[in-house]
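Here's a quick briefing to read with the model open beside you. Take it one topic at a time and find each piece as you go.

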Amino acid sequence: MIVSTLQSLTALTLAGGFFYLIFATPGVRRRVYRRQALFGLVAGVLVIFLGFSAFSIEALAISISAKPGPLVFAGYLGGPVGGLIAACLSALYLLSLDVPMPSLLAGLFAHVGFVAVGLGVRKLVAPRDWPRVPMRAVWLLLAGFVVLQALPVLALGLFGSNGPSLETILFNVAFVCGLGILSILVTWQVVALAHRFAIQADEKARLTSRLELVLKSAGVGVTSRIAGSDDIFVDAGALEIYGLTDRAPGLMSVNDLWATFHPDDLDRVRTDLENQTAAETQHLLLEFRIIRPSDGETRHILLNWGCARDPQSGKLELTSVLSDVTDLRQMAASRAEALGRLEAAADNVPGMIYQGIWSSNGAEKHLYLGGKSREYWGVEPQQAYDDAAILTTGKTPEELAMGGRVFMDAAHSGTAIHRRSQVRGRWIDFHGSAAPIGDDLCRVDGVVVDATGEVAALDEAQRQTELANRAQRMESIGQLTGGIAHDFNNLLAVIMGNLELLKDDIHGPDQRRMIEAGLEATRRGADLTRSMLAFARRARLDPEPLDLNEVIRHARNWMYRALPETVDMETSLLAGLWQVRLDAASLESAILNLLLNARDAMDGHGKLTIETANLRIDDAYVDSRDQELLPGRYVMLAISDTGTGIPEHSLHKIFEPFYTTKGPGQGSGIGLSMVQGFVKQSGGTVQVYTEPGQGTTFKLYFPATNADGSMASLNSRRAASARFDAGGLRLLLAEDETAVRKVLVATLRAAGFDVTAAASGDEAMAVYAANPVFDVVITDIVMPGTLQGTGLARALRALNPDLPMIFMSGYASEATVHGNGLRPEDIRLMKPVPKGDLLRAVAQVLGRTAPAP
């Protein structure tokens with residue numbers, strides 16, 4: 001029984017092939033009665049075939065099989081025609097069997113009833129999308145079958161001759177109904193699958209037909225080849241493209257295709273295809289030339305190539321789509337040639353040719369732009385053709401409207417157009433004309449010229465004029481400052497010297513306080529002249545190797561005294577900082593000036609940072625104030641504050657002498673000028689970074705040196721003093737100012753020296769030549785006569801190379817010139833010279849301990 005049941009169900013599934021033929025054949029599917037008749041015929045034949053695998057239940061006098069499914073669907077999907085054919089074939093089959101009459105009648109009733117169930121459900125739920133069966137119809141078919149099948153089975157069981165038990169009868173009813181339900185469901189799914197496969201086959205056929213039509217219409221061809229095979233499939237389109245019109249589509253030798261390739265392209269294409277095949281590249285675009293055998297023409301072929309592995313065989317299949325692009329290449333070449341001639345003509349025009357359509361609102365369309373549009377606007381001409389607004393990106397509607405009005409006014413008035421505008425950092429001039437074309441539009445024709453060089457030349461001329469005026473002003477101020485400082489320092493020297501002599505002789509506290517006040521005033525006057533000379537870059541400097549980190553660490557004590565406790569000071573000193581060669585006193589003065597400015601900018605509250613760093617400049621660098629730094633190594637000293645910042649309108653004036661934003665009596669305006677002069681005289685530069693409300697940073701850049709430096713020399717100048725015996729030491733003093741000379745003589749004699757004075761270098765030379773017994777020579781640098789201080793030094797050292805000398809000046813720029821007779825170990829003093837500094841200088845050149853002042 002089980003074997004027969006499986007055979008029946010298998011037969012149902014095999015019948016799907018016949019259903020597929022009905023659904024997949026267009027001539028059958030479109031004719032209603034033909035498809036119904038064929039469906040009924042297949043169902044009827046299937047019923048006969050299922051009869052061979054039928055089996056009988058001993059308690060019943062009928063055969064059991066999977067016939068209900070085909071018969072029910074013969075009535076539902078086959079309609080009256082199909083149902084009648086299936087019922088007749090089923091009846092003929094039953095009549096051919098040798099069965100008792102009751103069983104025959106029961107079978108005929110059941111088979112006809114199954115068809116009737118299908119027809120009845122068809123009336124209730126018609127198959128609108130034939131052969132799809134709605135789910136509602138399936139439930140009705142199953143219900144009708146159960147009712148129809150249970151009645152005869154029960155009748156045969158209850159009234160049978162053997163008199164089976166009620167349990168046996170119910171089991172038989174359940175089995176027969178279950179097999180029938182299974183038959184209906186299997187038949188339903190077989191029909192559905194056959195229909196689905198038919199639809200897929202139909203779609204594939206349509207797709208294939210459309211693809212063939214597309215390929216034929218597009219003039220392309222297709223080739224296919226298994227990797228490594230010597231044969232290749234070529235369709236009709238590919239044969240036409242290759243010029244192999246004497247062949248039929250299908251397989252051919254791949255060498256026959258290679259023979260059509262242009263000799264110059266063959267090796268390249270074969271190498272590319274072999275490499276891509278080895279890499280199994282899924283897409284490749286190649287262009288090559290062939291020589292067609294049919295007409296001998298050279299054609300350009302575009303090959304779109306790809307590969308994929310067959311999931312069943314695992315072989316790599318190579319597929320190519322070919323198209324003849326010869327006409328496109330010829331048109332492109334002709335267009336490129338024409339554009340090349342036009343571009344060549346346009347390139348010879350001094351500027352860029354332009355043509356466009358404008359309205360009063362701006363550009364509507366650009367008709368032509370020369371190749372220089374990339375240089376002027378940073379866009380390709382085609383980009384401007386596609387988007388008219390791209391050339392005016394960033395401009396406001398008002399600016400665009402203004403440009404449009406200019407062109408429209410010129411179009412109506414017939415006047416020439418000349419406009420200058422700035423685009424992407426360039427200045428662009430437009431020279432042209434406009435003509436109205438209606439609808440509030442005009443056509444603009446002209447030439448666009450790069451005027452950046454012209455504008456830059458004008459700006460540079462103005463800048464150079466300003467620089468020349470400023471340099472001339474600074475030079476005049478420097479000359480004036482130097483001359484005043486020289487005479488003023490001599491006056492201060494007389495005042496300071498006399499006050500110091502009085503101080504030694506007067507012991508009254510009130511008188512000594514007055515003398516100290518006078519000395520303090522002379523020192524302040526000396527500092528002022530020193531600052532003025534520093535601004536004029538004519539200060540006398542004593543450069544020595546220094547470590548800026550050590551200078552800052554040493555100066556922290558007086559820095560804290562110069563700042564209130566409400567200011568936090570922080571240092572960030574770079575380890576391994578390079579050495580610099582600077583005048584230590586001027587450096588400390590510059591730092592102090594910057595600290596005091598920072599304190600005032602923060603109003604006594606904030607944070608001050610001192611930072612050092614190494615810097616390499618590879619190329620010549622020019623800062624925002626046109627100060628140039630030559631390539632090399634530099635050490636940076638930065639002082640930053642968190643103050644109010646420097647207003648933009650004041651930033652370019654802060655280094656001018658006597659310019660100050662402070663109130664009366666709060667600043668002289670010479671401090672930053674002195675800082676800049678000192679830094680520039682030392683070979684560096686000053687940069688300022690400021691932001692209003694955030695703070696300011698001054699960065700000082702000094703050239704680095706390889707010399708070892710320390711604070712030793714700085715400390716040596718401040719060493720504690722002790723008295724020494726100056727008896728027997730003879731000094732020759734050369735000073736042209738009588739008052740200064742008298743004060744110096746009195747000071748040195750009071751210290752115990754034997755002093756001989758001379759009023760000029762010539763007189764001093766005569767004194768020394770007459771009696772060369774002097775231990776030290778002290779001379780002013782600038783004096784009347786033939787021998788200045790440096791000339792006197794050369795003359796004296798010609799007689800005595802080891803003669804110690806000390807130089808003094810109120811304007812010591814001559815003392816900084818190399819080859820002027822001075823030696824590195826010579827001491828140079830700036831007037832006015834305090835007594836202590838003068839005596840320490842004498843002690844230093846003599847190698848003795850300095851006397852106390």
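In helix H23, the buried residues are Val740, Arg741, Val743, Leu744, Val745, Thr747 and Leu748. Keep in mind that you're looking at a predicted model. H23 runs from residue 738 to residue 750, and it's a good place to start.

**Helix H23 and the strands around it**

- How far apart should the ends of H23 be? With 13 residues at 1.5 Å a residue, H23 should span 18 Å, and its end C-alpha atoms are indeed 18 Å apart, so the two values agree.
- An α-helix has 3.6 residues a turn, so residues three or four places apart point the same way.
- Just after H23 comes glycine 752, which takes a positive phi of about 105°.
- H23 belongs to a right-handed β-α-β unit, together with strands S23 and S24.
- Strand S23 covers residues 730-734, and four of its five residues are buried, so S23 is largely enclosed by the rest of the structure.
- S23 and S24 (residues 754-758) run parallel and are joined by five bridges. Within this pair, leucine 732 stands opposite threonine 756.
- S23 also pairs with strand S25 (residues 776-780), again in the parallel sense, over four bridges. Here leucine 731 has valine 776 as its bridge partner.

**A five-stranded sheet**

- Now look for an open sheet of five strands, in the order S10-S9-S13-S12-S11, with antiparallel pairing.
- Which strands sit at the edges? They are S10 (362-369) and S11 (417-423), and each of them pairs on one side only.
- On average, neighbouring strands in this sheet are turned by 30° against each other, if you ignore direction.
- S9 (residues 352-359) and S10 run antiparallel, with six bridges between them. One pair to find is glycine 356 and its bridge partner in S10, histidine 366.
- In a regular strand the side chains alternate between the two faces of the sheet.

**The loop between S12 and S13**

- Strand S12 (426-438) and strand S13 (441-450) have a loop between them, and aspartate 439 lies in that loop. Aspartate 440 is in the loop as well.
- Aspartate 439 has a phi near 60°, a positive value in a residue other than glycine. Aspartate 440 isn't a glycine either, yet its phi is positive too, at about 60°.
- Are these two residues buried or exposed? Aspartate 439 counts as exposed because its relative accessibility is 74%, while aspartate 440, at 45%, counts as partly exposed.

**Salt bridges**

- How many salt bridges does a search of the whole structure find? The total is 14, and a few of them are worth a visit.
- In one of them, arginine 268 teams up with aspartate 265, and their closest N and O atoms are 3.8 Å apart. These residues are three apart in helix H11, so about one helical turn separates them.
- Aspartate 265 is buried, with a relative accessible area of 7%, whereas arginine 268 is partly exposed at 35%.
- H11 covers residues 263-279. Setting aside neighbours within four places in sequence, aspartate 265 is in contact with Phe288 and Arg289.
- Arg289 turns up again in a network of salt bridges that links it with Asp265 and Arg268.
- Another salt bridge joins the side chains of aspartate 429 and arginine 420, at 2.7 Å from N to O. Aspartate 429 counts as buried because its relative accessibility is 5%, but arginine 420 is partly exposed at 36%.
- Lysine 607 and glutamate 570 also meet through their side chains in a salt bridge, at 3.2 Å from N to O. Lysine 607 is in strand S17 (residues 606-617) and glutamate 570 is in strand S15 (residues 567-572), so this pair ties together parts that lie 37 residues apart in sequence.
- What about their exposure? Lysine 607 counts as partly exposed at 36% relative accessibility, and glutamate 570, at 39%, also counts as partly exposed.

Technical notes: Residues are numbered from 1 along each chain as its sequence is written. This is a predicted model: local features need pLDDT of at least 70, side-chain atom pairs count only at pLDDT 80 or more; totals for chains, interfaces and linings use all residues. Side-chain values use heavy atoms; hydrogens and water are left out. Two strands pair if DSSP finds at least two bridges between them. Helices (H or I, at least four residues) and strands (E, at least two) are DSSP runs, numbered from the N terminus. Axes are lines fitted to C-alpha atoms, for helices over the stretch in contact, and angles run from 0 to 180 degrees between N-to-C directions. Buried means under 20% relative accessible area, exposed over 50%, partly exposed in between (1.4 Å probe, protein chains only). Contact means heavy atoms within 4.5 Å. A crossover is right-handed if, with the strands pointing away from the viewer, the path from the first strand over the helix to the second runs clockwise. The expected span of a helix is 1.5 Å times one less than its number of residues. A salt bridge is a side-chain nitrogen of Lys or Arg within 4 Å of a carboxyl oxygen of Asp or Glu.
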